[in-house]
Amino acid sequence: MKTRQEIKSSAREAIRNRRGVSIGLIVLPALILVLATVAIALSVMPFAAMPIGGSAYAGSGPVGIPSSPIAMLPSILMLLVMLFVWLLAPAFEVTIDGGYTQIYRGDDVTVGSVYRRLFQRWGRKIWVFILIGWFTLLWAILFELPTAALSAIGGGDFRTPSALYYLIMFVSGVSSIALSIFVMRYMMAPYIIAEYPNVTAREALRMSVRMTRGFRGELFIAELSFIGWMLLSALTLMILGVLYVIPYMQTTMAGFYVELRDRALTAGEIDVGELGDSSYVS
């Protein structure tokens, strides 16, 4: 298997050969996010200047609580837009992961060919992220138990910092880092879902756990290695991020998927029959 440096080098070469596609893959979801934000702002603005107690707030409800359908409209619109974005996000995430996987592999791919798969098996894409979120939450509760136990011992009153207070801060920090590394076990599930249409969400999570065993720390370090780039992108109002950093990071993580999958197949940790046919055309 390639080292982290070799994977990043291959990723840079891959996006150099597919510069337009690598940028195009993130432009569409970025535009939708901007439009969603504008839609929420526009839905609220007409009501923002409405005085409390005005016509929209007239009724028997408590002061400041809208009691007419008109006053509730901004909240309803906001919820609808947020629901729309929430339902779209998994489809975009899986589709983009698949697109950058093909870029890393050197496939002859276009933005159109990638996004044609956007709504294919949409429910499965949503379900895999629901499962990832659920298991991550359960593990987060478990990892925070030591911090909670120490807080209970201290009575929860830390207005005056003590040795126990600093111990709790240390344990909390270590637990957070350990959790971040541990949940890397689920990181490859979206990539599996993107490439193999016959693999279920639960099967993808199980395979991801096997693929990443022994490499979760490496994945964590790989993500951390982009912090400097992301800070630099922020200074350019994310222009650098769109044009280079995000494609570079996405292709690198897709490269880890390709290398870990191939290693797992060679080692017999995953059987070809489990995966089925790939949806990619070499």
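# A tour of the helices

Helix 7 and helix 10 are roughly perpendicular to each other (under 35 degrees counts as roughly parallel, over 145 as roughly antiparallel, 65 to 115 as roughly perpendicular and the rest as oblique). Their axes are 8 Å apart and form an angle of about 105 degrees. To see where they meet, select Ile177, Ser180, Ile181 and Phe182 of helix 7 together with Arg216, Gly217 and Phe220 of helix 10. This contact comprises 4 nonpolar residues, 2 polar and 1 charged.

Some terms apply to every stop. Contact, or touching, means heavy atoms within 4.5 Å. Ala, Val, Leu, Ile, Met, Phe, Trp, Tyr, Cys and Pro count as nonpolar, Asp, Glu, Lys and Arg as charged, and the others, Gly among them, as polar. Axes are lines fitted to C-alpha atoms, for helices over the stretch in contact, and angles between N-to-C directions run from 0 to 180 degrees. Helices (H or I, at least four residues) and strands (E, at least two) are DSSP runs numbered from the N terminus.

The model is predicted, so local features need pLDDT of at least 70 and side-chain atom pairs count only at pLDDT 80 or more, while totals for chains, interfaces and linings use all residues. Residues are numbered from 1 along each chain as its sequence is written, and side-chain values use heavy atoms, with hydrogens and water left out.

## The whole chain

Display the complete chain, which has 13 helices and 0 strands. Of its 282 residues, 37% are buried (buried means under 20% relative accessible area, exposed over 50%, and partly exposed in between, with a 1.4 Å probe and protein chains only). Among contacts between residues at least 6 apart in sequence, 74% join residues at least 24 apart.

## Helix 6 against helix 7

Next, select helix 6 (residues 145–153) and helix 7 (residues 163–182), which pack at an angle of about 170 degrees with 9 Å between their axes. The two are therefore roughly antiparallel. On the helix 6 side, Pro146, Thr147, Leu150, Ser151 and Ile153 take part, and they meet Leu164, Leu167, Ile168, Val171, Ser172 and Ser175 of helix 7. The residues of this contact divide into 7 nonpolar, 4 polar and no charged.

Centre the view on valine 171 of helix 7. Is this residue buried or exposed? Valine 171 is buried, with 18% relative accessibility. Beyond its neighbours within four places in sequence, valine 171 is in contact with Pro146, Thr147 and Leu150. The C-alpha atoms of valine 171 and threonine 147 are 6.3 Å apart, although 24 residues separate the two in sequence.

## Helix 9 and its surroundings

Move to helix 9 (residues 201–212), whose 12 residues reach 16 Å from first C-alpha to last, close to the 16 Å expected at 1.5 Å a residue; the expected span is 1.5 Å times one less than the number of residues. Its buried residues are Ala201, Ala204, Leu205, Met207, Ser208, Val209, Met211 and Thr212. Add helix 5 (122–143), helix 8 (189–195), helix 10 (216–224), helix 12 (239–267) and helix 13 (272–275), which are included in what covers these buried residues. Just beyond the end of helix 9, glycine 214 takes a positive phi of about 90 degrees.

Leucine 275, in helix 13, is a useful companion selection. Leucine 275 is buried, at 5% relative accessibility. Outside residues up to four places away in sequence, leucine 275 touches Ile192, Tyr196, Val199, Met207, Leu265 and Ile270. Glutamate 203 lies 72 residues from leucine 275 along the chain, yet their C-alpha atoms are separated by 9.2 Å.

## The nonpolar core

A nonpolar core is a set of buried Ala, Val, Leu, Ile, Met, Phe, Trp, Tyr and Cys residues joined through side-chain atoms within 4.5 Å. Which members of the largest core, with its 56 residues, touch the most other members? Select Ile103, Met188, Ile192, Met211, Leu219 and Tyr257 to see them. Helix 12 supplies the largest share of this core, 10 residues.

Centre on leucine 219: residues up to four places away in sequence aside, leucine 219 touches Met184, Met187, Met188, Thr212, Met253, Phe256 and Leu260.

## Two backbone exceptions

Most residues other than glycine have a negative phi. Select arginine 121, in the loop between helix 4 (111–115) and helix 5; arginine 121 has a positive phi of about 50 degrees and is partly exposed, at 43% relative accessible area. Finish at methionine 238, in the loop between helix 11 (227–235) and helix 12. Methionine 238 has a positive phi of about 70 degrees and is partly exposed, at 30% relative accessible area.
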